[in-house]
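User: Can you walk me through this protein a piece at a time? I'm new to reading structures.

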Amino acid sequence: MTVLVIGAGLIGGSVGLALRARGREVLVRDSSPGTARLARELGVGADEGESTPGLVVVATPPDVTGRIVVDALREFPDAIVCDVASVKETIQRAVLDAAAADPDLDASRYVGAHPMAGREVSGVVAARGDLFLGRPFVLVPHDGSSRRAVDAVERLGHELGGVIVRSEAAAHDLSVAYVSHAPQLVASLLARQLQSAADGSLALAGQGLRDTTRIAHSDPRLWVEILAANAPALRPILRAFQEDLGRLVGAFDSLCDADGPGTPRAEIARTIADGNLGVARIPGKHGGSADSFAAFTILVPDSPGALARLLSDMGDAGINMEDLRLEHSIGQPVGLAHISVLKRDEGRMVAMLEEKGWARAGEE
């Protein structure tokens, strides 16, 4: 069926590119004629013309998504309509409220969805056809969604290369509050403090700072709408964060005051230890927790073929790499390869590194 993408931004543009690569006929619409024209020139989709879509994908900011979904249901009475916004409950409620007030509005043709992918840059020029490959594609039908509509949106998720996950709207919004929206705010708060840092301090920045602030380079206009739409799920998380931060500030007040009360070092230790427990719950590549893996930090010479040789040595030893992250040492002839393997391969990994002469960071 022909697909109409409404909203030619990063997500809508990436949807169009991915579907056209699969041979789908894609049409594109945007509130900005210039943006729609640019999207067409970039290969996202064609002008609507006289074509009638069988599937409408609404990829607009969440503050207008509900209204546009309702408009699409009315404009295309035979089409399936889905949205791909990063919040679901407020949009679903807006559609169902509109249907309750208008008996002619068929909300059974509506299914919510959320491809869990994005970039720090926005706009259709940043769109990529492979953006959704291997990423969760959350399917959020409502109680009245028809089987035809659910199947069509599930097929969309597969065509985008996503991994289908089903969720209710409220559960979805709470999940993304933890794994996406709160991290965005924490990263932005940390990056905000860097405005006060001296240039010399920032020259010392390593991978840790880059990792924790990477997502802070985001579009404020888009994120304020996302965060506002998910305020009920975010508020308790931020309040808990505020309480934890208050206790930590109190601990440092005590450290700075020689006669300060309490046991500040114990509070700091608990914060770090509780962080370890939280990180351990993040699933790995195969769905297991972080404690299912063994992590190695290996010194890799900054020379052609060095990393390929390390990976080849792992392959020769029958060791499968579960995760890889590279850290470059500014001005140094080596970099750091942070590699995770399954616990069962830990012994073989240690033996291989010793046999092949690979140095591990932190070891003599």
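User: Which strands does helix α13 lie across, and at what angle does α13 run to β8?

Analyst: This is a predicted model, so keep in mind that we're reading a prediction. Helix α13 covers residues 346–356 and lies across β8 and β10. Its direction compared with β8 comes out at about 15°.

User: What is the strand order in the sheet that holds β8 and β10?

Analyst: It's an open sheet of three strands, with antiparallel pairing. The edge strands are β8 (293–301) and β9 (321–328), each pairing on one side only. Neighbouring strands are turned by 20° against each other on average, direction ignored. Read across, the order is β8-β10-β9.

User: How many bridges join β8 and β10?

Analyst: As general background, strands of a sheet pair through backbone hydrogen bonds, either parallel or antiparallel. Here β8 and β10 go for the antiparallel sense. One spot to look at is A294, which stands opposite V341 in β10. The bridge count for β8 and β10 is nine.

User: Is H338 buried or exposed?

Analyst: H338 sits in strand β10, residues 334–342. Buried means under 20% relative accessible area. H338 has a value of 18%, so it counts as buried.

User: Which residue's side chain makes a polar contact with the side chain of H338?

Analyst: Start with what H338 touches, leaving aside its neighbours within four places in sequence: F296, T297, D323, L324, R325 and E327. For the polar contact, look for a side-chain pair at 3.1 Å. The partner there is T297.

User: Over to the other sheet: which strands stand at its edges?

Analyst: This one is an open sheet of seven strands with mixed pairing, in the order β2-β1-β3-β4-β5-β6-β7. Each edge strand has a single partner, so one side of it is left without a neighbour in the sheet. Neighbouring strands are turned by 25° against each other on average, direction ignored. The edge strands are β2 (26–29) and β7 (163–166).

User: In what sense do β4 and β5 pair?

Analyst: Find V81 and look across to β5: Y110 stands opposite. β4 and β5 are joined over three bridges. Their pairing sense is parallel.

User: At what angle does α1 run to β1?

Analyst: α1 lies across several strands, namely β1, β2, β3 and β5. Measuring is easiest to picture against β1 alone, where the angle is about 160°.

User: Which element gives the most residues to the largest nonpolar core?

Analyst: In soluble globular proteins, nonpolar side chains tend to be buried together. The largest nonpolar core here has 27 residues, and those with the most contacts inside it include V15, L19 and F137. Elements giving two or more residues include β1 (3–6), α1 (10–21) and α5 (147–159). The top contributor, with five residues, is α5.

User: How many residues are in the other core that lies apart from it?

Analyst: Among the members of this other core are L27, V58, A72 and I91. The total is 23 residues.

User: Which residues of α5's range does F137 touch, V153 among them?

Analyst: Not counting residues up to four places away in sequence, F137 touches a list that includes A113, H114, P115, L160 and V165. α5 spans 147–159. Within that stretch, F137 touches V153, L156 and G157.

User: How many disulfides are there?

Analyst: Cysteines turn up in quite contrasting places: C82 is buried at 0% relative accessible area, whereas C256 is exposed at 72%. A search of the whole structure gives a disulfide count of zero.

Notes:
Residues numbered from 1 in each chain as written. Predicted model: local features only at pLDDT ≥ 70, side-chain atom pairs only at ≥ 80, totals over all residues. Heavy atoms only, no water. Disulfide = S-S within 2.5 Å. Buried < 20%, exposed > 50% of the residue type's maximum accessible area, 1.4 Å probe, protein only. Core = buried A, V, L, I, M, F, W, Y, C linked by side-chain atoms within 4.5 Å. Helix = DSSP H or I, 4+ residues; strand = E, 2+ residues; numbered from the N terminus. Contact = heavy atoms within 4.5 Å. Polar contact = N/O pair within 3.5 Å; in protein donor to acceptor, adjacent residues only side chain to side chain. Pairing = 2+ DSSP bridges. Axes fitted to C-alpha atoms, helices over the stretch in contact; angles between N-to-C directions.
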